[in-house]
Amino acid sequence: MTKFSWQTHEYVHTHKSKDWYWTVGIITGAFVLTSLIFGNYLFAMVLAISAFSLTLFTMRPPKDIRVEIGDKGVRVDKTLYPYHALDSFGIDEAHFHGARLFLKSKKKVMPLIALPLADQDVEEVKVFLGNYLPEETFDQGFLHALLERLGF
């Protein structure tokens with residue numbers, strides 16, 4: 001049985017100005033040129049491909065995803081994260097893009113799952129998930145917060 005259900009974007013998309021792309025291009029060009037001067041051709045190629053991939057990714061609009069929280073677990077689009085595969089949850093109400101739900105997986109290689117809560121009642125979500133998982137406070141870290149401020 002589904003208790004909470006909502007539509008949201010898979011990530012916060014910020015439109016980049018032409019200046020942003022010029023800045024990325026100039027910085028990448030400087031690093032590539034420096035790598036070439038030092039004879040590190042492979043690193044120069046990796047930098048160029050990375051910058052090109054980053055630029056393509058920033059142009060892609062986010063997909064709309066469906067999030068459902070129910071008795072069996074948390075479903076994000078077609079992927080179900082059952083409660084027995086999760087360690088804990090946390091909610092960051094002070095996030096500058098709105099409240100976020102964090103799910104920590106028991107899998108070692110799986111990252112922290114961050115989901116925007118949209119218009120859901122934070123306290124009701126906390127109480128419901130508290131029946132299945134322990135609540136934990138998650139710190140995003142300085143680098144993650146900086147990258148989100150820069151629009152990544």
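Which residues lie nearest the centre of the second largest pocket? In this predicted model, the residues nearest that centre are Val24, Ile27, Thr28, Ala51 and Leu54, and the legends below begin with the pocket that they help to line.

**View 1. The second largest pocket and its lining residues.** The pocket holds about 210 Å³ of space and is lined by eleven residues, including Val24, Ile27, Thr28, Ala51 and Leu54. Eight of the lining residues are nonpolar and three are polar, while none of them is charged.

**View 2. Helix 1 and helix 2 at the second largest pocket.** Helix 1, which spans residues 18-37, and helix 2, which spans residues 41-59, each contribute at least two residues to the lining. The largest share of that lining, six residues, is supplied by helix 1.

**View 3. The open sheet of four strands.** The strands are arranged in the order 1-2-3-4, with antiparallel pairing. Because strand 1 (2-9) and strand 4 (79-82) stand at the edges and have a single partner strand each, one side of each is left without a neighbour in the sheet. From one strand to the next, the twist averages 15°.

**View 4. The pairing of strand 1 with strand 2.** Strands of a sheet pair through backbone hydrogen bonds, in either a parallel or an antiparallel manner. Here strand 1 and strand 2, the latter comprising residues 64-70, run antiparallel and are joined by seven bridges. Within this pair of strands, Gln7 stands opposite Arg66 of strand 2.

Terms used: Residues are numbered from 1 along each chain as its sequence is written. This is a predicted model: local features need pLDDT of at least 70, side-chain atom pairs count only at pLDDT 80 or more; totals for chains, interfaces and linings use all residues. Side-chain values use heavy atoms; hydrogens and water are left out. Two strands pair if DSSP finds at least two bridges between them. Axes are lines fitted to C-alpha atoms, for helices over the stretch in contact, and angles run from 0 to 180 degrees between N-to-C directions. On a 1 Å grid over the protein atoms alone, a cavity is a set of points where a 1.4 Å probe fits but cannot get out, and a pocket is an open set with protein on both sides within 12 Å along at least five of seven lines; lining residues have an atom within 4 Å of a point. Grid points are joined across faces, edges and corners, and a volume is the space filled by probe spheres set on the points. Ala, Val, Leu, Ile, Met, Phe, Trp, Tyr, Cys and Pro count as nonpolar, Asp, Glu, Lys and Arg as charged, and the others, Gly among them, as polar.
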